[in-house]
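Colleague: I would like to go through this model with you, one point at a time. Please give the reasoning before each result.

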Amino acid sequence: MSSLIVKRSSSRFSHVDFSKFHIFLSLNQNHKVLVSGLPPVLIKTIKNPSWSYLSVSRYHNFAHLSGKDKVLASGFRVLKSLFSTQSAAELSTSDGITVDGIVASNWTILDESESDWKSHAAAIAQSIQVIKRRLQWKKLMVRLDLLSVQLNKPDLWDDPVHAGKISREHGSLMAKMKKVRALEQELLEHIDMIKLAREEDDNELESEMLKALLQMRRNSNEKEQEALLSGEQDSCPCYIEVQAGAGGTESMDWAKMVMQMYKSWAQRHGYGVTVVDEMPGEIAGIKRATIKVDGEYAFGYAKAEAGVHRLVRISPFDSGKRRHTSFAAVAVIPILGDGFTHVPINESDLRIERFRAGGAGGQHVNTTESAVRIVHIPTGITATCQNERSQHMNKDSAMAVLQSRLDQREMARQAQVNAHHTQSLTDIGWGNQIRSYVLHPYRMVKDLRTNYEVTNPDSVLEGEIDGFILSYLSALLDKDEDCRNLSA
Amino acid sequence: MKLGLSRACFYSSCSASIFSSSIPSLTTIKPKIPLFLRPPTYSVASSDLQKWHGWAKSLASSVGSSFVESDDGPDSTLLCRELNWLLEDSLENRSSSSCFSFAACNYDSLDGIENVMLRISLDDLYQLWKQRIEERRPFQYIVGCEHWRDLVLSVQEGVLIPRPETELIVDLVSDAVSNNEELGQGLWADVGTGSGAIAIGISKISRSYGRVIATDLSPVAVSVAMFNVQRYGLQHVTEVRQGYWFEPLKDVEGQLVGIVSNPPYIPSDNISGLQAEVGRHEPRLALDGGASGIDYLLHLCSGAAAMLKPGGFFAFETNGEKQCKFLVDYMQNDIAGSFCNLNIVSDFAGIQRFVTGFRQ
């Protein structure tokens, strides 16, 4: 199937007039930049299967270097400004249209159902801009240049740990950059093809390209969302901790409701949920609890929930039926994988205690309670686990929590050094009040950071919190970008 | 066995009578299969299971702290956690047990499922939970297993349920082995192995090099230990022998690189006041250490002197500080010259629990 299309499209290019070929020749220099700057690998990153024929045709072009076949490949010019690096070069169509240009020209964006290529292109270009903003594009490019310079230093591998870190970061930023480049290129290629089809009155090709643009437009929302989670730790699993505020049983009940909200949310997303530690309240609810949430981007999403959550309702624990306000604090800690540097822990710095142990122990006692508390003496940081069925496993679990807490503490410390990170990181610890849940006298859940609100608290408490999370993450990144622009 | 009894000068007449009254022959004892390993053949309406869960929960709640006050037994919170684990072990699909355990309000998530598959009948579940609360039958006997270190060991009446404290013996051995390669390649013994816990724990450490022989006087313990060894596929490195302490090890006298043991160490006088789960249900044979509780520990010390190679390592669990100090004093003075580098190690509750040392 694809080979047929290749034949068809290459025969199509044989009709290309010479004026275009001249353009190609005159821009040959830039063309080289393009080819080297955007290796064929990039084309492979176009995931949509319906587009495979394009990639194949590109390979075809490179393989049979017949001059006319090369027109399409060379149709893209690279507008290189004097000081920018190769990676920052801007892509354009054969007649000089760029993604920013599309946005700037304010083409009307119509409904998806309208078959208007300009409308689709404008919508996609806007998405690309959103994605770039969320990736903090300019900062990413600067960082990438910096890392490239460091990678080229001959003495880099004298410090393998540092070198590994540099090359890992470079690889991950490079991948992000290439994904966006691929999107841009795909869009511009389609536009070129549509123009070509129109020139040649090829309705079939035009409608195919239109369909392809529509598909891109539909996928772009998802890509925008992906870009929200571009932080280094976002893909990690995480711990979510909930702690009841002051106020006795009512706030312990609230803490339990909040924890339940996250359990349901995690289960909805297909994440694995394990209770690591749970301290029940005397009458109801929990004093505190820690769950482990396993799955892709668990931290990236859940980090938006860190802070104090406030509840207003008529307390079922108050015989006087009065209105109560309670608080529960939520912390979210990433569980860094093997690829990350961990804070080293000296065994001699640890005090491991049997939790709630009393009496003679040993053979005297038969208990299924084998909770363990580990205290990291230098920092005073503790971790407890009581929900595993053996002491050994409780200890392992508590150690993992302790490691993550120490890692997070170290990240926060480093973030203070790199001031530009401070904003997003301080938000992750126990923080300010972020959301208000009112069950009486009216019903509403409102995020105090974004003003995002929902009038059905039940659905929220049943775990429908994605709206809050996404609106916060977008707001956070937009804010970051604004700050950066101001300081730039 | 009679041989063992007659030679055991410390052997209390009391435990001997318990023992002799119930000697099944080794070949007839088939270990019970733990609940979580049984086939899920019982189809039960989820509403009926919910009913049982509600009943069991309220029974657990009714306990409050009364067991704690009477003999330091479990409180409601702990019993509720055990209830969740019982459910986890009974249900075919473990993850659906979380629907129950997370919160009562989460029952909804099971509504879509008409029937659930259980490894045990609902009647038996009622029966078992009643036994747990009313008879104080240990939870581990109810589900037929104990989670110990990263192992899940089969246990049943007649076999001591391995304690969390005892997990540390494996760490002590692990430390000793990592400091001395020779220890990892030789022959070890776990005497009075019970469920086989320590033997299996240290077999997993020295898997490719060393071997472990586990002994126990109790035929039930021997068959349970064998079952557990097989379940972890360690029969090539771990051998279980029946007999009194070192009796079955005569062929390897002086050849052991390590001896570990958690012998009975509770003073006889304390037995009647034990927590109900222990005193009423666990084998006295595995608990009663004679008048001062130290009879078997002393026997082990003199036995270890004969059985260990020079440089061989031992780790024994004790009743606490008093026994630890007594043993160290005994080894330094009464049988001076046999052992060196004696050390007392505390458990995670801060109680001096273990004595370790090396054969000189």
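The questions below concern a predicted model and cover its sheet, its cores and some backbone details.

Colleague: Which strands stand at the edges of the open sheet in chain A?

Modeller: The sheet has 8 strands with mixed pairing, in the order S4-S5-S3-S7-S6-S11-S12-S13. An edge strand has a single partner, so one of its sides is left without a neighbour in the sheet. In chain A that applies to strand S4 (272-280) and strand S13 (453-454).

Colleague: Which residue in S13(A) stands opposite A:Val445?

Modeller: Strand S12 of chain A covers residues 444-447, and it pairs with S13(A) in the antiparallel sense over 2 bridges. Opposite A:Val445 in S13(A) stands A:Val454.

Colleague: Which peptide bond is cis, and what is its omega?

Modeller: Most peptide bonds are trans. The cis bond here leads into A:Pro441, a residue of the loop between strand S11 (433-438) and S12 of chain A. The bond joins A:His440 and A:Pro441, with omega about 10°.

Colleague: Is A:Asp201 buried or exposed?

Modeller: A:Asp201 is found in the loop between helix H10 (160-199) and helix H11 (203-228) of chain A. Its phi is positive, near 60°, although the residue is not a glycine. A residue counts as exposed if 12 or fewer other C-beta atoms lie within 10 Å of its own. A:Asp201 has 8 of them, so it is exposed.

Colleague: Where is B:Asn341, and is it buried or exposed?

Modeller: B:Asn341 also has a positive phi, about 50°, and is not a glycine. Its place is in strand S10 (residues 339-346) of chain B. With 9 C-beta neighbours inside 10 Å, B:Asn341 counts as exposed.

Colleague: Which helix gives the largest share of the largest nonpolar core?

Modeller: This core has 93 residues, and B:Ala225, B:Ile259 and B:Leu297 touch the most other members. The largest share is 8 residues, and it comes from helix H13 (residues 219-231) of chain B.

Colleague: From which domains of chain B does this core draw at least three residues each?

Modeller: The bounds to consider are 2-31 + 148-359 for one domain and 35-143 for the other. The core draws at least three residues from each, that is, from domain 1 and domain 2.

Colleague: How many residues are in the second, separate core?

Modeller: Its members include A:Ala212, A:Ile374 and A:Val401 from chain A, and B:Phe348 from chain B. The size of this second core is 80 residues.

Methods
Residues are numbered from 1 along each chain as its sequence is written. Chains are lettered from A and ligands numbered from 1 in the order in which they are written. This is a predicted model: local features need pLDDT of at least 70, side-chain atom pairs count only at pLDDT 80 or more; totals for chains, interfaces and linings use all residues. Two strands pair if DSSP finds at least two bridges between them. Helices (H or I, at least four residues) and strands (E, at least two) are DSSP runs, numbered from the N terminus. A nonpolar core is a set of buried Ala, Val, Leu, Ile, Met, Phe, Trp, Tyr and Cys residues joined through C-beta atoms within 7 Å. A residue is buried if 20 or more other C-beta atoms lie within 10 Å of its own, exposed if 12 or fewer, and partly exposed in between; C-beta atoms are placed from the backbone. Domain bounds come from an automatic or database domain assignment.
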